[in-house]
Amino acid sequence: MKTQEEKFINQGQEDEMETWGYRPCMWKIILVGMATVCSGGLLLLLLYWLPWWGVKATCTKTSLKEARWLLLRTTDDFKRWFAVKVDVISAPGKTPFDSVELTTHSQGGDEHKKQNGKISYRECVKVLLMDAHILKQTSEPFSSCCSSQVHYFTHHSIKYYWNEETQNFVPYKGLEDTHMSCGHIHTDHSSGLTKTLQDYRALFFGKNEIDVKVPSLFELLVYEVLNPFYIFQLFAVVVWSLEDYYHYALAMLLMSAILLIASLYCLKKYYRRLSGMVVAHNVVQVSVCRGNEDFEQVMSTELVPGDVITIPTDGMIMPCDAVLVCGACTVDESMLTGESVPVTKTSVPTSGEDADRVYNTEEHKLHTLFCGSHVIQSRYYADELVKVVVVRTGFSTEKGQLMRSVIYPKPTDFKLHRDATHFLMCMVGLAVVSVIYGIVNGVINEFPADYIIFDCLNIVTIAVAPILPLALTAGLVNAQRRMKRVGIFCISPQRINIAGQLNLVCFDKTGTLTEGSLNLWCIQRAEDGMFSPPETEAAIESLVKTLFVTCMATCHSLATIDDELCGDPLDLKVFRSTGMVLEEPTEEHNVLYSAKISTLVRHPHQCDGFGIVRHIRFSSTLQRMSVVVRQQGKTHFDVYLKGAPETVVNLCKQHTVPDTFTEMLENYTRQGFRVIALAHHQLESTVSWSEVQDLSREELESNMDFLGLIIMQNKIKEQTAGVLLELRQANIRTLMATGDNILTAISVARDCGMVQAHEKVIIADAVPPIDENPASITWRYSDNPVLDNNQALEVLFAEEGVKEEEMPGYHFAMSGQSFAVITEHFPELVQKLLLRATVFARMTPDQKTQLVQVLQNIDYIVGMCGDGANDCGALKKAHTGIALSELEASVASPFTSSIPNISCVTNLIREGRAALVTSFCVFKFIALNSIILTFGMILLYSVFSSYGSLQFLCIDTGIGLFLPFTMSLNPAWKKLVRRTPPTNLKSGPVVFSVLSQILNCLLFQLLAFFLVRQQSWYTTLEKATCHETSAVVEIEDVFVKTFENASLFFVTSFQGMIIGVVYSKGKPFREPSYKNWPFMLTCAVLYVFFLVILLHPITVIDNALLLVCIPYDWRITLVMIILGHSVVSFTLEILIIDTLWMIVKTKLWAKSTNNALTNNTGQEMNGRWSFLSWMTCCKRCSPKTKYNHLTLKLQEQADWPPAPSTVTYASTPQSPIAVTQ
């Protein structure tokens, strides 16, 4: 019988996982228990680190339905494993939304219930909740009442329940699981839940809280101590103690304790910070509706999806995700989006086509209050309370999902970490070889077994440096501290190194490249199908009563908070230019206007005004918004609309649109102005207020009369041009993704330097298939500049990036609609276009996210910078997202800048590059220092000697600890350079650097080792012991106090210090090391100390370090050997690696590029270059990254870029067809 079963949960989502079921096996459990005892508990420790091994070792596979343990494996590139336990709850139904009919046995008291063997459902629920939802097989009455047993497991704070229909585990997120329509929210869910039904749903959804527990110090201590790093440290301390290296063991124990305390402090601070982000809304008191009229005060932790709560007039912090069913609210969502501008939310549609649509929090976010957002004020109509229906609770909320991404971060695909693992495996291999040598040498020389074992274990602790993980982390901590000083806050430190690899940055336009506020330049009214002359003032008496100015004054989403007007900066600027005032309506106004109005707008010197009866919020997808207004004294309603001109004009009657509309629009947009179109539609007098609320958006926003254009000036921030120039000089591409008009975006791109004045812009205007006509792309060239004969541009590929020659270049520009058509119908052109695409206009938030993903698919390391509002998806999707926000702890992106301009981008990249170089320097130093000590130990073992405990202490603490930690304090270099830092430990320069330094160190160690044995005064260990006159001889003195030991101690110590100085590099990514005073002070102290005890021996120190007395002339010889080593080390690293290497690599790359351009066969270079080409990673003519490979291919295509005024059809994408003009 086949019992193995594999399924997927969260299929098609980012957190998709494979699932296998397991059940306990008694004989396996017994075997594992015996093995644990025999291994002294080490097996248990291994299974703690690898819990999925424990499941496989103690269980057998079974079906998911019968499983008691599950193994989960992510389907992404990381293939992470998780082991989870399956629990059981007992409930009357199998899903939270089942209709359960219950009979409550309440007569006769407890004795009656006990005699009849039954308990009430309410009491059953209470028992279940008290037992933490776990089935307790303790009493017959319990199982008699609750017959259904539902299996579930918890993973990353989300519960997955067994579903009989799908035969799989599924998560219940909330009311959205019922796929209810907006209309059904009103009819089926607006009355609230009974207490019984609430208790039932609480069984499945649990408490409504984002439970970020702050572990106790003891819990953190146990967690940290069981970390492999500290276990290895403990192992090393035990080994050193058994070898009587008490001083060294105590020093290492003290150092580990200090590091442990520091780690506990950081972890405690981190968890407190996370808890502080949710504590404000975790436990609040809310008013819950228990029917149409009955309200009850409960704690927010008791809320479940389907509950109806009221929003007080003065607002509250939302404890859940909820949809508005009555009233309106002004909300601050800055914690979620980074956008500090308050947003007005309205009730969900109740009728029309909008009411028939299935409710979705993303699609209907303008009607949804999200957990963690601050409701500043609520607005109700008449005596109706502002009500919301709870949609999602706990970690299923929008805030909960963001917190989950912080608590359980997805691992970053950082090449350094993968290469470091491979390098550590090499170190382990070296340790194994050294251990084998030690065993063979010990057996041949008939050493005691315990001596051989301890020496071998000692080699392992030296070869594999336990300090490495903490030293690498120190560099990131220092970078994070420096970024905080310049206003950049980070919630994902592991992404700092990735920021140093960025080679492309996408920018939002408004509020990012340009000022967030706009200035009214002029208005261009349209009357009788013609444009009037432009007017700079809208508040003049002759215009106040026009439909155009009325639209300006009413079509917005502004609100008054504490007597201050708040809302979108554009809406504020337009409204204030009309001279109108905005007031909150009263009951008298509702009577006066014969309608329920939400906002009153009037002229300060006039009594009559305009009452807004319905807001249709701005949609970034539709690129428009509208309002329904009734003027005082009128019997009809008016619809006013504003939005993108291209969108608005399609909704207007053609005869109301001036013939010069296109020319007028292009004239303004080419100058960089932001243009907004206005329109108006008068409803019939027979349409009532209730019918207005029922009309769909499409019905209201149709058959409009075109009113004209508002011209807004959006100034570029003064820092923008300089930052973009610095990025361009550093060979980092820049893109713009905006929701504005394409010509405006192109103009801004030119003004800020993203597109140079001499470069041409090719607009890819794509249209979807229409009837029998296939999808097509029309290639339109921007008017500025005009190139003779439409000459094509040559783009040369050099070094590791694309360099543009000093001649006119070209850029592609496209709208969001064109981007969607091209990705769907022209997939073969997408990557070719993105190589030179710079301007993306009219992009929706989802399209920005898709753009980032496509760029990543061609191997770009993508950064995204935006204001956090419409860019959240792209900010999270990018390798490095940075939101411009005033908040320190915004979870909209990994990085948040309190400085509201893009200078934060260059600061972040500089710090990222510095941190990346620091990681490489620290890694190479610690690895090489371990290798130096290991080689020294092997040489000493060959003559039956070793290092002393205090010698180890000097080398490991003075050199191995202080140098790498102070080395990481170098600040970032003040400017970006074109050269990029290393990103691969297995690259030619890094490998050559490490190998050459290893050989150099080994050479000079061998020189000192063999040269000392040739001295006339040299005495062997055997002779030294024979002439020993002391009555009591310490075993350590005998084996340590040798001439080889003293010589190698000084040589290896200075080698470690020299390597530290050589690898502590400064420019062009970090400040010079001489500006790092802690590092310089450490080096000075170490050099002085070791030079003093070498040239002027001090008896007390020599006796403590067990250094044998050596002649002075040999000490001078050691100084010469050390100087020789330092000269060779600096020559190898500074002259060969940093200078000649780059020259050779550039020439080889140029040669490979020429070969690729002249010969398509991709053959390798001739023999005299083969070795250098392998070392410089230039063996193949074609580059490794996809975007560079595509660039080379495009140089061979004579028909690229397409000629002006040609059309490419989807059916023949490679054969553009010229359009006859």
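**Ground rules**

Before looking anything up, I wrote down that buried means under 20% relative accessible area, exposed means over 50%, and partly exposed is in between (1.4 Å probe, protein chains only). I'm working with a predicted model, where local features need pLDDT of at least 70 and side-chain atom pairs count only at pLDDT 80 or more, while totals for chains, interfaces and linings use all residues. Residues are numbered from 1 along each chain as its sequence is written, and side-chain values use heavy atoms, with hydrogens and water left out.

**Entry 1: Lys 634**

I tried the burial terms on Lys 634 straight away: its relative accessible area is 41%, so I put it down as partly exposed. Lys 634 sits in the loop between β29 and β30 (638–643). I also checked Ser 685, which is 51 residues apart from Lys 634 along the chain, and their C-alpha atoms are separated by 9.0 Å.

**Entry 2: the whole protein**

How many helices and strands does the protein have? I found 45 helices and 44 strands. These are DSSP runs numbered from the N terminus: helices are H or I with at least four residues, strands are E with at least two. Of the 1221 residues, 54% count as buried. I looked up contacts as well (heavy atoms within 4.5 Å). Among those with a separation of 6 or more, 73% come from residues 24 or more positions apart.

**Entry 3: β28 and its partners**

Strand β28 covers residues 609–619, and ten of its eleven residues are buried, so the rest of the structure largely encloses it. For pairing, I noted that DSSP must find at least two bridges between two strands. Strand β27 (residues 599–602) pairs with β28 over four bridges, antiparallel. Across that pair, Val 601 is opposite Phe 610. On to strand β29 (residues 624–631): this one is also antiparallel to β28, with seven bridges. His 615 has Val 627 in β29 as its bridge partner. β28 and β29 make a hairpin with four residues between them, and Gln 623 in the turn has a positive phi of about 60°.

**Entry 4: β32 and its partners**

How many residues of strand β32 (residues 705–713) are buried? Seven of its nine are, so I wrote "mostly covered" in the margin. Strand β22 (residues 519–527) runs antiparallel to β32, joined by six bridges. Ile 523 has Ile 710 in β32 as its bridge partner. Strand β31 (residues 674–682) pairs with β32 too, antiparallel over seven bridges. There, Arg 674 is matched with Met 712 in β32.

**Entry 5: an open sheet**

I traced an open sheet of six strands with antiparallel pairing, in the order β11-β10-β12-β19-β14-β17. The edges are β11 (295–299) and β17 (368–369); each has a single partner strand, so one side of each is left without a neighbour in the sheet. At the β17 edge, two bridges join it to strand β14 (residues 321–326), antiparallel again. Val 323 stands opposite Thr 368 in β17.

**Entry 6: rings**

I counted aromatic pairs next: a search of the whole structure gives 29. Rings of Phe, Tyr and Trp (its six-membered ring) pair if their centres lie within 6.5 Å; planes under 30 degrees apart are stacked, over 60 edge-to-face, and the rest tilted. One of the pairs is Tyr 668 with Phe 673, edge-to-face at 6.1 Å centre to centre and 80° between the planes. Tyr 668 is buried at 7% relative accessible area, and Phe 673 is buried at 8%. I also found one aromatic cluster made of Phe 1049, Phe 1050, Phe 1054, Tyr 1087, Phe 1089 and Phe 1090.

Then I looked for charges over rings (NZ of Lys or CZ of Arg within 6 Å of the ring centre and within 35 degrees of the ring normal). Lys 832 lies over the face of Trp 1200, 4.4 Å from the ring centre. Arg 836 lies over the face of Tyr 810, at 5.4 Å.

**Entry 7: helix α10**

Helix α10 (residues 228–242) has 15 residues. From first C-alpha to last it reaches 21 Å, close to the expected 21 Å, where the expected span is 1.5 Å times one less than the number of residues. Its buried residues include Phe 229, Tyr 230, Phe 232 and Trp 240.
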